[in-house]
Structures are given as structure tokens and as C-alpha cells.
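Me: I would like to practise reading sheets, helices, loops and pockets in a model. Can we go through one feature at a time?
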Amino acid sequence: MGEQAPRIREGGYKLDIRGAALTVVERMGVLDAIRSMSTDVRGGSVVDATRRRVASMDGDTFGGRVHGDAEIQRGDLHRLLYDLTKDDVEYRFGDSIASIDDGPDGVTVTFDGGDTRVFDLVVGADGLHSRTRALAFGPEEDFVRELGYHVSVFSVPNHLNLDRWELTYVGPGRTALTYSTAQDAEAKAMFLFAADPAVPAPRDRAAQQRMLADAYAGEGWEVPRLVEGMAAAPDFYFDSLAQVHLDRWSNGRVVLLGDAACCASPASGQGTSLALVGAYVLAGELAAARGDHERGFDAYERRMRPFAEKNQKLGPSNIKRMVMKSRAQVRISMAMLALMGRMPGRDRMMAKVIEPIHRAANAITLENYEG
């Protein structure tokens with residue numbers, strides 16, 4: 001397994017594991033371990049420019065979690081899966097694929113470090129900007145569809161003394177939030193803002209930070225201080241919100257998985273679950289195909305594609321609720337949230353808001369692959 005980073009990536013933002021993905025991690029035998037690493041976020045509040053808490057909810061309601069959904073930090077999930085597999089899997093840190101030569105009897109892979117190896121199959125699970133996809137299927141611009149927003153996440157000092165709590169500030173065309181978890185003494189800052197979909201996110205960190213600072217210039221609440229924190233952040237992350245759409249997820253002996261195949265964008269809240277379920281189905285169908293990789297790949301895609309498409313539909317609809325277009329829309333939304341907090345039927349109303357996520361999260365029937 002190749003990984004560009006020099007070691008396991010620690011930290012990162014919080015991830016949800018929902019619906020069918022819960023069944024997958026339970027069958028893997030790691031559900032209890034995941035629950036022991038829970039972020040344990042107790043609740044969240046929406047705040048305005050005067051620092052007033054307009055509305056507050058418990059952690060599950062604020063995060064759209066029901067039915068035993070799990071939330072864990074990305075780095076904790078990385079570490080858990082690495083520790084479970086490191087004795088059986090060869091990990092190549094600080095390396096990446098330079099070229100792929102797909103033949104009838106195997107795939108010749110040359111790595112950036114110069115080493116060449118032959119593999120039976122290659123699985124590209126290398127994210128939105130997948131190099132495997134580019135080498136085996138074509139350039140990124142053929143498959144990546146920008147949603148018109150950028151996202152940035154990084155660690156910041158917990159100067160608000162948050163205790164497993166999340167605060168969200170909404171401005172016109174831009175949202176900022178910060179939260180703390182049970183697993184991290186620091187806080188995380190997250191930014192979502194509208195951008196020109198014709199202009200992909202810059203790849204240079206300095207340009208990314210300039211874009212973020214410009215997007216939030218003059219904003220109120222704690223935004224200036226949170227933005228300043230990016231300069232010293234060891235885990236600064238910035239990218240566009242985008243989706244991946246391909247006509248086919250396999251080509252010869254190369255197959256794509258997770259974001260590389262069907263990125264739904266972070267706005268869907270389903271990226272991790274799609275990756276976990278996809279890996280389970282791919283492994284199961286390859287085992288069931290007993291060496292016939294073409295049959296295994298076809299069965300994997302036939303089962304997974306409808307599930308992926310349902311979850312991809314969440315991204316564009318969710319982001320419109322997360323980032324408001326105008327000041328008028330922000331004012332109306334804040335007024336509705338304040339009113340909802342005083343109404344007795346609040347839980348039922350919130351359940352209707354998050355129900356589409358959970359319908360999509362369960363929109364697949366998992367086979368119980370033997371052996």
C-alpha cells in the first residue's frame with residue numbers, strides 16, 4: 001500500500017460512520033474500538049456576530065446522528081486500521097505511483113522512488129485527486145465536478161475553552177466553526193465558503209491561505225483569530241468541495257474505491273461510510289469471484305453504484321443549508337433557529353431534516369460474504 005505522507009496521518013477532522021458502514025465495522029470486529037475513540041461531542045450552538053448563542057442542540061442532533069452512528073477523528077481511524085493490518089500489509093510511506101502498465105497477467109507499477117513491482121490487481125483508494133485514476137482512466141478534469149465551494153480545516157489553540165462542544169458562525173457566503181473533542185486537547189477550526197466553480201482550489205499552501213484570509217476578511221465573531229491560527233497549524237488542509245463521476249470504476253486490472261471512484265464531497269457527510277462499504281463489497285465480490293477479477297469488479301460496481309449515487313445527491317443539497325447566499329438568508333435562518341429552539345416539536349423537525357442522510361446511508365443491502 002502506497003502513501004505519500006511519511007507516516008500515518010494523525011489528527012484531522014471528525015468523521016461520521018453511519019448506516020451500512022456501521023454493519024461493516026461491526027463485521028470487521030472494530031466497532032467497539034471505534035466507539036471507545038468517540039469524539040464525545042456533547043452539543044453545539046449557532047452564534048451570531050455579537051457572540052450570542054442563537055440556538056443550541058445536543059451533539060447527536062447538531063451532528064445529524066441517529067441510530068447509534070459513530071463519530072471519530074480521522075487520525076484515530078487511520079491508526080486503528082493501520083495497527084490491525086501492519087503485520088500483514090506492506091506499507092510504503094513517503095512514496096506514490098509514477099506509472100502503471102496494465103497487462104493480461106498483472107500490473108507493472110513504477111513508484112516515484114524508482115522501484116518497480118508487478119501486482120495482480122491495483123486498487124486506487126487515493127482520494128479526490130487520485131493519481132491512480134489519472135494514470136489508468138484519464139485526467140482529473142474529465143471526472144471531477146466542482147460544487148462551487150472551498151473547505152479548510154486545521155488545529156487551533158482552544159482559546160474558547162470548549163469542552164466537547166461545537167460553535168458555528170454563519171455569514172453571507174461563508175461559514176466558520178470550531179469544536180473540541182474528547183480525544184484532542186486543542187480545537188479544530190473549519191471554514192466553508194462559496195467560490196467560483198470554474199476555478200479549482202490552488203494546490204500551493206501560501207495561495208490557499210491567502211484565499212482563505214481574503215474570503216473571511218472583515219468577518220465578525222472569533223473568525224479573525226481562527227483564521228490567524230492557520231499560519232502555525234501543522235495539519236492545515238484546504239480543498240474544493242467536488243464530486244467524482246465516472247462511467248466505470250474499473251479498467252483492466254485497476255479498480256477505484258472511495259473518493260477516487262465516487263467522491264460525494266465532505267458536504268454529504270458520507271465519504272468515510274462510502275469508503276468503508278465500498279472496500280467491504282469489493283473484497284467480498286473479489287473473493288466470491290474466485291480469481292475472476294473482471295467478474296468481481298463488475299459485481300462490486302453493480303452493488304455499489306446505486307448506493308454511491310444516492311449519497312452523492314446529498315452533497316449539493318446539504319451545502320446550501322451550510323453556507324447561506326445572502327445576509328437576508330442568514331437573518332431568516334437565524335430567526336428560524338431561535339424560534340425552533342423554543343418550540344416543543346423541535347426534535348421531530350430536526351429528524352425530518354436529517355432523515356435524507358440516513359435513508360442514503362442505509363440504501364444498500366450488504367451480503368454476508370463467507371471466508
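Reply: Start with a small sheet. This is a predicted model, and in it three strands form an open sheet in the order β10-β17-β16, with mixed pairing. The edge strands, β10 (122–124) and β16 (250–251), each pair on one side only.

Me: How many bridges join β16 to β17, and in which sense do the two strands run?

Reply: The general idea is that strands of a sheet pair through backbone hydrogen bonds, either parallel or antiparallel. Here β16 and β17 (residues 254–256) run antiparallel and are joined by two bridges. Asn251 has Val254 in β17 as its bridge partner.

Me: Which helix lies across β16 and β17?

Reply: Helix α10 (residues 293–312) does, and its angle to β17 is about 15°.

Me: Now the sheet of seven strands: what is the strand order?

Reply: The order is β4-β3-β12-β13-β14-β11-β15, in an open sheet with mixed pairing. β4 (53–58) and β15 (237–244) stand at the edges with a single partner strand each, so one side of each has no neighbour in the sheet. On average, neighbouring strands of this sheet are turned by 20° against each other, direction ignored.

Me: What are the pairings of β12 with β3 and with β13?

Reply: β12 runs parallel to β3 (residues 43–47), with five bridges between them. Val47 has Tyr169 in β12 as its bridge partner. With β13, β12 pairs in the antiparallel sense over six bridges, and Thr168 stands opposite Leu177 in β13. β12 and β13 also form a hairpin with two residues between them, and Gly173 in the turn has a positive phi of about 75°.

Me: And how is β13 joined to β14?

Reply: β13 (residues 174–181) and β14 (residues 184–194) run antiparallel and are joined by eight bridges. Leu177 stands opposite Met190 in β14.

Me: Which residues of β12 point one way, and which the other?

Reply: In a regular strand the side chains alternate between the two faces of the sheet. In β12, Trp165, Leu167, Tyr169 and Gly171 point one way, while Glu166, Thr168 and Val170 point the other way. All of these are buried, and β12 is accordingly described as mostly covered, with seven of its seven residues buried.

Me: Which helices lie across β11, β13, β14 and β15?

Reply: Helix α6 (residues 205–215) lies across these strands and runs at about 75° to β14. Helix α11 (residues 314–322) lies across them too, running at about 140° to β15.

Me: Next, the pocket. Which elements each supply at least two residues of the lining of the second largest pocket?

Reply: β12 (165–171) and α12 (327–340) do. α12 gives the most, with four residues. The volume of this pocket is about 230 Å³. Of the 14 lining residues, those closest to the centre are Asp48, Val170, Val330, Arg331 and Met334. The lining divides into eight nonpolar, one polar and five charged residues.

Me: Where do residues other than glycine have a positive phi?

Reply: Two loop residues serve as examples. Arg51, in the loop between β3 and β4, has a phi near 75°. Asn161, in the loop between β11 and β12, has a positive phi of about 55°.

Me: Why is Arg51 called partly exposed, and why is Asn161 called exposed?

Reply: The cut-off for exposed is over 50% relative accessible area, and partly exposed begins where buried, under 20%, ends. Arg51 counts as partly exposed because its relative accessibility is 48%. Asn161 counts as exposed because its value is 66%.

Me: Last, what are the surroundings of Arg35?

Reply: Arg35 is found in helix α2 (residues 31–36) and, at 38% relative accessibility, counts as partly exposed. Leaving out residues up to four places away in sequence, Arg35 touches Leu22, Gly68, Asp69 and Ala70. Ile72 is 37 residues from Arg35 in sequence, yet the C-alpha to C-alpha separation is 7.8 Å. Leu22 belongs to helix α1 (residues 20–28), where Ala20, Ala21, Leu22, Val24 and Val25 are buried. After α1 comes Gly29, with a positive phi near 85°.

How values were computed
Residues are numbered from 1 along each chain as its sequence is written. This is a predicted model: local features need pLDDT of at least 70, side-chain atom pairs count only at pLDDT 80 or more; totals for chains, interfaces and linings use all residues. Side-chain values use heavy atoms; hydrogens and water are left out. On a 1 Å grid over the protein atoms alone, a cavity is a set of points where a 1.4 Å probe fits but cannot get out, and a pocket is an open set with protein on both sides within 12 Å along at least five of seven lines; lining residues have an atom within 4 Å of a point. Grid points are joined across faces, edges and corners, and a volume is the space filled by probe spheres set on the points. Ala, Val, Leu, Ile, Met, Phe, Trp, Tyr, Cys and Pro count as nonpolar, Asp, Glu, Lys and Arg as charged, and the others, Gly among them, as polar. Two strands pair if DSSP finds at least two bridges between them. Axes are lines fitted to C-alpha atoms, for helices over the stretch in contact, and angles run from 0 to 180 degrees between N-to-C directions. Contact means heavy atoms within 4.5 Å. Buried means under 20% relative accessible area, exposed over 50%, partly exposed in between (1.4 Å probe, protein chains only).
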